[in-house]
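Q: I am new to this model. Please take a close look at its core, and show me what surrounds it.

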Amino acid sequence: MIDILVKDNFCDSIDELRELALSSRYILDKYFPSGFVSWRGYRTWELSHLNHPLVTEYSEKILSIANEYYNLKDQALGKVFHVSYKEHETTKWHTDATLYAGVLYLTPNPSSDSGTTIFLDDERRDIENKYNRLVIYPGNCKHGITSFFGDTKRTGRMTFTFFITDKDLFKKDLFDMDN
């Protein structure tokens with residue numbers, strides 16, 4: 001049975017990762033090239049282009065944990081910072097065209113009902129938003145933000161959002177902006 005992986009206190013340098021996310025430039029989905037997926041809120045470009053040691057360290061750690069937990073091989077990780085506000089709350093359930101997806105929550109003291117809802121085995125599972133909590137789930141499961149909050153980058157729901165896919169497919173993936 002495939003399950004949801006939840007790991008608390010994931011980053012040793014969570015405050016520095018949050019500061020990096022706060023200092024990053026975000027774009028609304030309507031400004032992405034046509035044909036790309038949409039999302040609620042704002043995202044950065046794919047974070048590999050930052051070439052930042054924290055992004056590299058935690059990306060490798062996420063991939064290692066996912067590979068071990070789900071028995072994966074030859075996977076790649078697409079990653080962005082994502083922030084959304086109360087104003088973005090709309091119909092929210094969706095699936096991702098990736099093997100696995102997940103978030104690392106980056107907002108201290110979030111609203112407790114602002115986590116991620118995942119539908120797995122016909123059962124709704126609400127994962128609580130806790131600062132420095134990692135959540136990984138199958139990308140083909142219907143999921144979305146449980147509820148939105150805040151109205152700025154500093155007060156909104158901020159995550160390190162990632163997508164796990166086969167390395168062979170990654171160059172064609174929408175997160176590889178070099179193509």
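A: Start with the chain as a whole. Of its 179 residues, 53% count as buried. Buried means under 20% relative accessible area, exposed means over 50%, and partly exposed is in between (1.4 Å probe, protein chains only).

This is a predicted model: local features need pLDDT of at least 70, side-chain atom pairs count only at pLDDT 80 or more, and totals for chains, interfaces and linings use all residues. Residues are numbered from 1 along each chain as its sequence is written, and side-chain values use heavy atoms, with hydrogens and water left out.

Now the layout. The protein chain has three helices and ten strands. Helices (H or I, at least four residues) and strands (E, at least two) are DSSP runs, numbered from the N terminus. Along the sequence, the pattern reads β-α-β-β-α-β-β-β-β-β-β-β-α. Many contacts span long stretches of it: among those with a separation of 6 or more, 80% join residues 24 or more positions apart. Contact here means heavy atoms within 4.5 Å.

Next, the core itself. A nonpolar core is a set of buried Ala, Val, Leu, Ile, Met, Phe, Trp, Tyr and Cys residues joined through side-chain atoms within 4.5 Å. The largest one has 32 residues. Those with the most contacts inside it are L17, F81, L104, L106, I136, F160 and I164. Six elements each give two or more residues to this core: α1 (14-23), α2, β4, β5 (100-105), β8 and β10 (157-166). The largest share, eight residues, comes from α2. In soluble globular proteins, nonpolar side chains tend to be buried together.

Take F160 as a way in. Neighbours within four places in sequence are left aside. F160 then contacts L17, L47, V55, S59, I62, K79, V80, F81, G102, V103, L104 and L106. A second, separate core has eleven residues, A101, V103, V135 and Y137 among them.

Helix α1 shows how the burial works. In α1, I14, L17, R18, L20, A21 and L22 are buried. Their cover includes α2, β4, β5 and β10. Just before this helix comes S13, in the loop between β1 and α1. S13 is buried too, because its relative accessible area is 18%. Apart from residues up to four places away in sequence, S13 touches L54 and Y58.

What about open space? A pocket, on a 1 Å grid over the protein atoms alone, is an open set of points where a 1.4 Å probe fits, with protein on both sides within 12 Å along at least five of seven lines; its lining residues have an atom within 4 Å of a point. The second largest pocket holds about 190 Å³ of space. That volume is the space filled by probe spheres set on the points, with grid points joined across faces, edges and corners. This pocket has 14 lining residues, and S48, S59, E60, L77 and K79 lie nearest its centre. Both α2 (53-70) and β4 (75-84) supply at least two of the lining residues. The largest share, five residues, is from α2. By class, five of the lining residues are nonpolar, six polar and three charged. Ala, Val, Leu, Ile, Met, Phe, Trp, Tyr, Cys and Pro count as nonpolar, Asp, Glu, Lys and Arg as charged, and the others, Gly among them, as polar.

Now the loops. N51 lies between β3 (42-43) and α2. Its phi is near 55°, a positive value in a residue other than glycine. N51 counts as exposed because its relative accessibility is 65%. N132 sits in the loop between β7 (123-127) and β8 (134-138). Phi of N132 is near 75°, also positive in a residue other than glycine. N132 is buried, with a relative accessible area of 6%. T155 is in the loop between β9 (143-145) and β10. At 37% relative accessibility, T155 is partly exposed. Its C-alpha atom is 7.6 Å from that of T107, 48 residues away along the chain.

Last, the confidence. pLDDT is the predictor's confidence in each residue, from 0 to 100. The chain averages 83, and 81% of the residues score at least 70. Among the elements, strand β1 (residues 5-7) has the highest mean, 97, and strand β2 (residues 27-28) the lowest, 69. Over residues 171-179, pLDDT stays under 50. The model has 18 contacts beyond four places in sequence for that stretch. Where pLDDT is low, the predicted coordinates should not be read in detail.
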